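I opened this model to look up its aromatic contacts, its sheets and its internal space. My notes follow in the order I took them.

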Amino acid sequence: MVTIANAHVDLIHDTVLDYYGKRLATCSSDKTIKIFEIEGESHKLVETLVGHEGPVWRVDWAHPKFGTILASCSYDGKVLIWKEENGKWQQIAVHAVHSASVNSVQWAPHEYGALLLAASSDGKVSIVEFKENGTTSPILIDAHAIGVNSACWAPATVEDNNGNPKQLRRFVTGGADNLVKIWKYDSETQTYTIEDTLEGHSDWVRDVAWSPSILMRSYIASVSQDRTCIIWTQENNKGPWKKTLLQQDKYPDVLWRASWSLSGNILAISGGDNKVTLWKENLAGTWESAGEVQ
């Protein structure tokens, strides 16, 4: 296990490994992003990115087919796009359509292109495409009236009734209105429309995570200020979403983040008690503990 001490001078809000697991990006309330090279048990700080004017909440690596590109979002209301070429990092774009803190940012599955999803406290989500000659006009959606805390893409490929792969461009959002919402792309209007509104939490939804595995069943985890995690499942990418509490007892503190393993079968939950708990679904369809990360 690689341990990085004293990486930032303030709280660290997100840490993300790149596609190959060779580079780690971290971001902090100190307004900076740091890039580390990971080699076995060792690590080396290679760059500190400065550009945000407030705490940086999240970072996300683009797929390597687009180059070495990182997106970051901040309390300052901006999304910044960073690119490394020939060992040098530079800021290549600013996405500044939101009027309040941008709380989450995520690149779409690479099959869709360099498409970025951002969620903001102004109640809106935005989707913008980055091309060689600049950016497309962003799609802006009123998602949650009081604010959007998190947004996450669905995996790109799903199977139709005949078992053939097809693309169904969807994402999920979690808001300060205690709701989880599913959005689907409408090719006729070229925007995203609401497909489902999921009710189950009694306080702010802090994070939503769509399992990346491409199965006949879709899984979404939502975690909340109400100290619960809900697993939402949908069969064959159509029909109603079924709600299952991850555990019957409430967690000891607020839950902040949910994250699936790349294979989609292990769920990690982190909260205000400074613990990360791991969970997996058994053959009976119930969720059981798979360990804890201290």
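**Entry 1: aromatic pairs**

I note first that the model is predicted. I began with two aromatic residues, Trp153 and Phe171, and asked: are they buried or exposed? Both Trp153 and Phe171 are buried. For Phe171 I have the value: its relative accessibility is 0%, so Phe171 counts as buried.

I then searched the whole structure for aromatic pairs and got 14. Trp153 and Phe171 make one of the pairs, with ring centres 5.6 Å apart. Their planes stand at 75 degrees, so I logged the pair as edge-to-face. The cut-off for that label is over 60 degrees.

Where do Trp153 and Phe171 sit in the chain? Trp153 is in strand 14 (residues 148-153), and Phe171 is in strand 17 (residues 170-175). The pair therefore ties together parts that are 18 residues apart in sequence.

Phe171 has another ring contact, with Tyr192. Here the centres are 5.2 Å apart and the planes are at 55 degrees, so this pair is tilted. Tyr192 lies in strand 19 (residues 191-199), 21 residues from Phe171, and the pair links distant parts of the chain. I checked the burial of Tyr192 too. Its relative accessibility is 5%, so Tyr192 counts as buried; the cut-off is under 20%.

I also looked up the cluster. Tyr112, Trp153, Phe171, Trp183, Tyr185 and Tyr192 form one aromatic cluster.

**Entry 2: sheet 5-6-7-8**

Next I turned to the sheets. One is an open sheet of four strands, ordered 5-6-7-8, and its pairing is antiparallel. Which strands are at the edges? They are strand 5 (56-61) and strand 8 (88-95), and each pairs on one side only. With direction ignored, neighbouring strands of this sheet are turned by 25 degrees against each other on average.

I followed one pairing down to residues. Strand 7 (residues 79-85) runs antiparallel to strand 8, and seven bridges join them. I picked out Leu80, whose bridge partner in strand 8 is Val94.

**Entry 3: sheet 20-21-22-23**

I found another open sheet with four strands, in the order 20-21-22-23 and with antiparallel pairing. Strand 20 (205-210) and strand 23 (242-245) are its edges. Each has a single partner strand, so one side of each lacks a neighbour in the sheet. I looked up the turn between neighbouring strands of this sheet: 25 degrees on average, direction ignored.

Strands 20 and 21 are antiparallel and are joined by five bridges. Asp207 has Val223 of strand 21 as its bridge partner.

**Entry 4: the cavity**

Last, I looked for enclosed space. How many cavities of 30 Å³ or more does the whole structure hold? The search finds one. The largest cavity has about 70 Å³ of space.

I listed what lines it. The lining has 14 residues, and Pro155, Trp210, Ser213, Ser218 and Asn237 are those nearest the centre of the cavity. By class I logged seven nonpolar, five polar and two charged residues.

Which strands supply at least two residues of this lining? Strand 15 (157-159) and strand 21 (217-224) each do. Strand 21 gives the largest share, three residues. I cross-referenced strand 21 to Entry 3, where it appears in the sheet 20-21-22-23.

Key
Residues numbered from 1 in each chain as written. Predicted model: local features only at pLDDT ≥ 70, side-chain atom pairs only at ≥ 80, totals over all residues. Heavy atoms only, no water. 1 Å grid on protein atoms, 1.4 Å probe; cavity = no way out; pocket = protein on both sides within 12 Å on 5 of 7 lines; lining within 4 Å. Points joined across faces, edges and corners; volume = space filled by probe spheres on them. Nonpolar A, V, L, I, M, F, W, Y, C, P; charged D, E, K, R; others polar. Pairing = 2+ DSSP bridges. Axes fitted to C-alpha atoms, helices over the stretch in contact; angles between N-to-C directions. Phe/Tyr/Trp six-rings, centres within 6.5 Å; stacked < 30°, edge-to-face > 60°. Buried < 20%, exposed > 50% of the residue type's maximum accessible area, 1.4 Å probe, protein only.
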